[in-house]
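Hi everyone, thanks for making room for me today. I'd like to walk you through one structure, going from its open spaces to a few side chains. Here it is on the screen.

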Amino acid sequence: MRRSYATMLCLCAVLMAVPAPAKEQKSGKKMDDQAMMELWKQMATPGEPHKLLAGLAGSWTTKTKEWMEAGKPAMESDGTAEIKTLMDGRFIYQEYHGQMMGQPFSGIGIDGYDNMKKKYVTAWMDSMGTGIFIMEGTAGGDGKTITLKGSHPEPGGGQMHHRAVWKIVDNNNQVFEMYGTHHGQKESKVLEIVYTRKP
């Protein structure tokens, strides 16, 4: 009990130490503790973006196309994905199995919507690397086309910049497209995964 109480005190101290929202800063008024806690409660409550993602939970088959060089034919392969919700619908977790560059490939991803940033956030890790790839972005006017951006180091130096377009057609169909820019070159499509829910 003492540990729980101490934990709550620490949490409250951290929350109060976080910079106040823009409205509060502009007005010059300090938000009281109760109002701050209420704001954090709102920020922690899943909303429509979370419901959209939660609707993707289930088992999927995938068809992947990958382009090693712009203008060259794509390599095609089949795979599977399992998606489930985490933290009472605040996030979704994906386990993906297929092929990449002709080799067995597996990856896991966590996707969510950050109420504070008002952005979708995704973290991805797979069997072809030891890093965690982070992207952030927003949805278009239809609410179901999410554009994400991120970058990662390239072997030999420099950064590869990515732009992903995630189209949630409906609860049974989704398409994930990835575009990349190598060493400042023109952006080109490098990956497409079409997801179809298993019957």
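Let's begin with the second largest pocket, which holds about 300 Å³ of space. Before I go on, please keep in mind that this is a predicted model.

So which residues line that second largest pocket? Here's the list: Trp40, Met43, Ala44, Thr45, Pro46, His50, Arg90, Phe91, Tyr113, Asp114, Asn115 and Met116. Two elements give two or more residues to this lining, namely α3, which covers 33-43, and β4. If you sort the lining by class, you get seven nonpolar, three polar and two charged residues.

Let me pick one residue from that list, Asn115. You'll find Asn115 in the loop between β4 and β5. Is Asn115 buried or exposed? Its relative accessibility is 15%, and buried means under 20%, so Asn115 counts as buried.

Now look at what the side chain of Asn115 is doing. One of its polar atoms lies 2.9 Å from the backbone oxygen of Met43. The same side chain also reaches the backbone oxygen of Thr45, this time at 3.0 Å. Leaving out residues up to four places away in sequence, Asn115 touches Gln42, Met43, Ala44, Thr45 and His50.

Okay, on to the largest pocket. How much space lies in it? About 1,300 Å³. It is lined by 48 residues, and the ones closest to its centre are Asp126, His152, His162, Met178 and Leu191.

Strands do a lot of the lining here. At least two residues each come from β3 (91-100), β4 (103-114), β5 (119-126), β6 (133-139), β7 (145-153), β8 (159-170), β9 (173-181) and β10 (188-197). Which element gives the largest share? That's β10, with six residues. By class, the lining of the largest pocket has 27 nonpolar, 14 polar and seven charged residues.

Next up, Thr64, which sits in strand β1, residues 58-66. Thr64 has a relative accessible area of 1%, so it is buried. Its side chain makes a polar contact with the side chain of Tyr96, at 2.8 Å. Setting aside neighbours within four places in sequence, Thr64 is in contact with Met75, Glu76, Ser77, Tyr96, Leu191, Glu192 and Ile193. You may remember Leu191 from a moment ago, as one of the residues closest to the centre of the largest pocket.

Last topic: aromatic rings. How many aromatic pairs are there? The count comes to three, and I'll show you two of them.

One is Trp60 with Tyr195, an edge-to-face pair with 6.1 Å centre to centre and 85° between the planes. What I like about this pair is that it links distant parts of the chain: Trp60 is in strand β1 and Tyr195 is in strand β10, 135 residues apart. Both of these residues are buried.

The other one I picked is Tyr113 with Tyr120. Their ring centres are 4.9 Å apart and their planes are at 65°, so this pair is edge-to-face too. Tyr113 and Tyr120 are both buried as well. And Tyr113 brings us back to where we started, since it is one of the residues lining the second largest pocket.

That's my tour. Thanks for listening!

Definitions and conventions: Residues are numbered from 1 along each chain as its sequence is written. This is a predicted model: local features need pLDDT of at least 70, side-chain atom pairs count only at pLDDT 80 or more; totals for chains, interfaces and linings use all residues. Side-chain values use heavy atoms; hydrogens and water are left out. On a 1 Å grid over the protein atoms alone, a cavity is a set of points where a 1.4 Å probe fits but cannot get out, and a pocket is an open set with protein on both sides within 12 Å along at least five of seven lines; lining residues have an atom within 4 Å of a point. Grid points are joined across faces, edges and corners, and a volume is the space filled by probe spheres set on the points. Helices (H or I, at least four residues) and strands (E, at least two) are DSSP runs, numbered from the N terminus. Ala, Val, Leu, Ile, Met, Phe, Trp, Tyr, Cys and Pro count as nonpolar, Asp, Glu, Lys and Arg as charged, and the others, Gly among them, as polar. Buried means under 20% relative accessible area, exposed over 50%, partly exposed in between (1.4 Å probe, protein chains only). A polar contact is a pair of N or O atoms within 3.5 Å; within protein, one must be able to donate a hydrogen and the other to accept it, and residues adjacent in sequence count only if both atoms are side-chain atoms. Contact means heavy atoms within 4.5 Å. Rings of Phe, Tyr and Trp (its six-membered ring) pair if their centres lie within 6.5 Å; planes under 30 degrees apart count as stacked, over 60 as edge-to-face and the rest as tilted.
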